[in-house]
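Colleague: Could you walk me through how to read this one? I would like to start with a single side chain and work outwards.

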Amino acid sequence: MPEVTVELFVDIVLFSFLVSIALTIARIRNLFVAVMLSGIFSLLSAGLFTVMDAVDVAFTEAAVGAGISTVLMLLTLDLTTEQETDPIQPQIFPLIVALCTGGAMLYATQDMPAFGDPSAPVHQHPLADHFINTALQVEMHVPNMVTSVLGSYRGYDTLGETTVVFTAAVAVMLLMRGRRRFSQPSTIDAEPEEGVS
Amino acid sequence: MISLFFVVNVAVLVTMGIALSRAMLGPTRFDRILAVNMFGTKTVLLIAVYGFLTNRPEFLDLALVYALINFIGVIAVLKFSAYTAMTDAETDEVPR
Amino acid sequence: MIVLHVISGVLLVLGSFFSLIGAVGLLRLPDFYARSHAVGVADTMGAGLIMVGLMVHTLTLIDSVGLHGEVMVLIKLAAVLTFLLVTSPISGHAVTRAAWRSGLMPVLADAPNAPDATAEGGQDA
């Protein structure tokens, strides 16, 4: 079983799932359903990253997209109503803008080099050679080159990113503290449950 | 052995598709939560089998992370849905 | 060595068979509580069998010279198997309990919205 066809088949099936989920999220009116489906969307895209051999990106997508993002959206849904209000009239202008932007981006991708092409400009840079040749044997002794780039060669980038994520988390927690609940807790939870904090 | 892994892969993909259709159809919200839970478990299996299919068992770390995230996510969703009694439990419509 | 390959193949096929049965149950059963039966039982069984099949397959990869990292793969597979076996029934139970607490009623045989009795009889034939 040639490996290219297996990967192509899995890619096609996963992408078709992704498209159907995206269409359903766009059409559905109930926001809880949309949040659940976006959780599945993140899981699927993490699976696609795994198929493309980018396991570290898939880690991040799984932890952030499928875990934290879903929970944060549900927290937000607690503050507001679950049924999306109906649009007043068909929106033509945003549709045209979206189509033009998408078309421009599709036109721009014609100019990109092929996936994994060794003559692409990003592979010709002398720094790529330096990282590949010295990261394992000479300088870092870490088997994963991506880890050595993220952790040490571009360490300040990673420091900035973690600062941003930390600030966002603190901001969200501060915003969520003074919220007013629109809903009543369900009557079944009125009596104390055992084992629930 | 490789073709057997491919068959298992196809079976897991079909199962994922069916769970997806239940997540889109399911009349109550608990159907959708159940479908998302099953989808997460199947993603774990897909990554593990795909890793063996392409001879890269390093994907198992990712499968372990997914199993944990899936479990925590489902429990978190259920905790939240215990506190909002806004929608009718039978269908996902807000009572007007 | 051939025996291990055969065992692993049988386990993998059985596991995917159980997963497919669970998925068909999720699609076709009429009520939420029935569907949670299908998912909780068949899903866990299928996942467990596939994981055990992968572990047996890893055993066949061990060279006669020595272990080249297959021990790590075995440990990771065992960890995923343990975690799936423990948390999959817990999630199923949690979802069902949350549904019951929020007031969702099961469709019983004598309820007005139960499936038609003649259709049930036709299924058995």
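Modeller: Happy to, and keep in mind that this is a predicted model. Let us begin with a side-chain pair: the side chain of B:Thr28 makes a polar contact with the side chain of B:Asp31, at 3.1 Å.

Colleague: Where in chain B does B:Thr28 lie?

Modeller: Look at the loop between helix 1 and helix 2 of chain B; B:Thr28 sits there.

Colleague: And is B:Thr28 buried or exposed?

Modeller: The general idea is to compare the relative accessible area with a cut-off: under 20% is buried. B:Thr28 has a relative accessible area of 6%, so this residue counts as buried.

Colleague: Let me try the same reading on A:Asp11. Which element holds A:Asp11?

Modeller: A:Asp11 belongs to helix 1 of chain A, which covers residues 3-27. Its relative accessibility is 16%, so A:Asp11 is classed as buried too.

Colleague: Which residues does A:Asp11 touch, once those up to four places away in sequence are set aside?

Modeller: With those left out, A:Asp11 touches A:Leu48 and A:Val51.

Colleague: Now the whole chains, please. What is the secondary structure of chain A?

Modeller: Count the helices and strands, then read their order. Chain A has eight helices and zero strands, giving the pattern α-α-α-α-α-α-α-α along the sequence. Chain B has three helices and, again, zero strands; from the N terminus on, its elements run α-α-α.

Colleague: How much of each chain is buried?

Modeller: In chain A, 24% of the 197 residues count as buried. For chain B, with 96 residues, the buried part is 66%.

Colleague: What do the accessible surfaces come to?

Modeller: For chain A the figure is about 13700 Å², with 69% belonging to carbon and sulfur atoms. For chain B it is about 3200 Å², and there carbon and sulfur atoms hold 66%.

Colleague: How do I read contacts along the sequence?

Modeller: Take the contacts with a separation of 6 or more, and ask what share joins residues 24 or more positions apart. In chain A that share is 52%, and in chain B it is 54%.

Colleague: Let us turn to the interface of chain B and chain C. How many residues does each chain give to the contact?

Modeller: Chain B gives 39 residues and chain C gives 43 residues. The buried area between the two is about 3700 Å², and carbon and sulfur atoms give 80% of that.

Colleague: Which three residues of chain B supply more of its buried area than any other three?

Modeller: Those are B:Arg22, B:Phe30 and B:Leu34, which together supply 16% of the area that chain B buries against chain C.

Colleague: And how many salt bridges does the rule find across this interface?

Modeller: Three salt bridges are found between chain B and chain C. One of them joins B:Lys42 to C:Asp43, with the closest N and O atoms 2.5 Å apart. Six residue pairs are in polar contact between the two chains, counting pairs with both residues at pLDDT 80 or more.

Colleague: Which elements of chain B give two or more residues to the side that touches chain C?

Modeller: Helix 1 (2-25), helix 2 (29-53) and helix 3 (60-81) of chain B do. Helix 2 has the largest share of that side, with 13 residues. Sorted by class, the side of chain B that touches chain C has 29 nonpolar, five polar and five charged residues.

Notes: Residues numbered from 1 in each chain as written. Chains lettered and ligands numbered in written order. Predicted model: local features only at pLDDT ≥ 70, side-chain atom pairs only at ≥ 80, totals over all residues. Heavy atoms only, no water. Contact = heavy atoms within 4.5 Å. Buried area = accessible area lost by both parts, 1.4 Å probe. Salt bridge = Lys/Arg side-chain N within 4 Å of Asp/Glu carboxyl O. Polar contact = N/O pair within 3.5 Å; in protein donor to acceptor, adjacent residues only side chain to side chain. Helix = DSSP H or I, 4+ residues; strand = E, 2+ residues; numbered from the N terminus. Nonpolar A, V, L, I, M, F, W, Y, C, P; charged D, E, K, R; others polar. Buried < 20%, exposed > 50% of the residue type's maximum accessible area, 1.4 Å probe, protein only. Areas by Shrake-Rupley, 256 points an atom, 1.4 Å probe, with all protein chains shown as cover.
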